[in-house]
Amino acid sequence: MNLSNIGTIKGLLNKYGFSFSKKLGQNFLINPSVCPRMASECGADSSTSVLEIGPGIGVLTAELSRAAKKVVAIELDERLKPVLSETLKDCGNVTVLFGDVLKLDLLQIITEHFNGEDIVLCANLPYYITSPILMHLLENRIPVKSITVMVQKEAADRLCAPVGTRQSGSVTVAVNYYATAKKLFDVSRGSFLPAPNVDSAVIKMDLRATPPVDVADVARFFKIVRASFSQRRKTVANSLSSGLSLPKEAVLSALEASGIQLTARAEELSLSDFEAIYHNL
Ligand code: SAM
């Protein structure tokens, strides 16, 4: 079954009375070159299994099934159950689980289904919760070797920006702490049904074995990072002081001890600057 073909998709949707949910970020891939490329670049192979989020009607899932040892796909929308039973009926190495990826116990799912195998994550993410999903995967240290995801182009630029540049934000610092990220390729809005209002890009994050900075209390480190970026137009001194409810003098002396200009903005700071602030604050 050609799941990138608009006629096939519309036929399936009619057969099962399915209509797209904007709320669930349902934009299905119709560009036939994207899924094979994602499947080949995500690192899936005969000894590596894949965790997928949001299979939709299974267009990427079927491609991953061909490339990988095994695929476990997590889908929130139970209306897709009969559709996926039909589209993936010949994919014997695929298991679809229904639930919210942010609420399911992913560590338990991985233990149950993958039995210590090498795993990569590959997904065309629902755009309304891209950052929460990525942060959830990274902060819970989900044991995958890499994360290859389609996201909005702007989000891709922010996620892959080097820390210390204008495009960086707290999510950039988080990604750099847990992984090294790079953009693989752009995908135009016309590659989806229905077409979203924005273009997309596929990025790949290779998870680091050890973080590049030494902070014992990771939650506090990220509280400081988020507070630093909370008012982007202000100096990091003002943002930290109001974001963490600390006296301005205490923040200024921590910045001084860290060798950071008192007029610096968060987007100008490197990962080791944040590490120094964490230790001096
Ligand atoms: N993989 C398909 C494709 O590329 O055509 C569909 C991708 S679509 C952008 C995102 C999918 O994520 C939808 O099928 C949607 O129902 C599902 N989804 C949305 N929120 C979810 C959540 N919290 N947990 C799991 N799946 C979710």
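Aspartate 100 puts a polar side-chain atom 2.9 Å from a nitrogen atom of the ligand. Keep in mind that this is a predicted model. The protein covers 99% of the 590 Å² of accessible area that the ligand has on its own, and the ligand sits in the largest cavity. Beyond the ligand site, there are salt bridges and a couple of backbone oddities to look at.

**Around the ligand**

- The backbone joins in too: a polar backbone atom of leucine 76 is 3.3 Å from a nitrogen atom of the ligand.
- Glycine 56 also uses its backbone, with an N or O atom lying 3.4 Å from a ligand oxygen atom.
- There are 23 residues around the ligand, and those that come nearest are Leu29, Gly54, Glu75, Asn124 and Tyr128.
- Sorted by class, that shell has 12 nonpolar residues, seven polar ones and four charged ones.

**Where the ligand sits**

- If you're hunting for the ligand, look in the largest cavity.
- Two elements give two or more residues to the shell around the ligand: strand 1 (28-29) and strand 3 (71-75).

**Salt bridges**

- Side chains of opposite charge can pair when their charged atoms come close.
- The count for this model comes to 13 salt bridges.
- One of them is between the side chains of aspartate 118 and lysine 145, at 3.9 Å from N to O. With the cut-off at 4 Å, this pair qualifies as a salt bridge.
- Aspartate 118 is in strand 5 (residues 118-124), while lysine 145 is in the loop between helix 6 (130-139) and strand 6 (146-152), so the pair ties together parts that are 27 residues apart in sequence.

**Backbone oddities**

- Most residues other than glycine have a negative phi, and most peptide bonds are trans.
- Leucine 193 and proline 194 go against that with a cis peptide bond, omega being about -10°.
- To find proline 194, head for the loop between strand 8 (192-193) and strand 9 (200-207).
- Asparagine 115 is not a glycine, yet its phi is positive, at about 50°.
- You'll spot asparagine 115 in the loop that runs between helix 5 (106-114) and strand 5.

How values were computed:
Residues numbered from 1 in each chain as written. Predicted model: local features only at pLDDT ≥ 70, side-chain atom pairs only at ≥ 80, totals over all residues. Heavy atoms only, no water. Near = heavy atom within 4 Å. Polar contact = N/O pair within 3.5 Å; in protein donor to acceptor, adjacent residues only side chain to side chain. Areas by Shrake-Rupley, 256 points an atom, 1.4 Å probe, with all protein chains shown as cover. 1 Å grid on protein atoms, 1.4 Å probe; cavity = no way out; pocket = protein on both sides within 12 Å on 5 of 7 lines; lining within 4 Å. Sits in = over half its atoms within 2 Å of the grid points. Helix = DSSP H or I, 4+ residues; strand = E, 2+ residues; numbered from the N terminus. Nonpolar A, V, L, I, M, F, W, Y, C, P; charged D, E, K, R; others polar.
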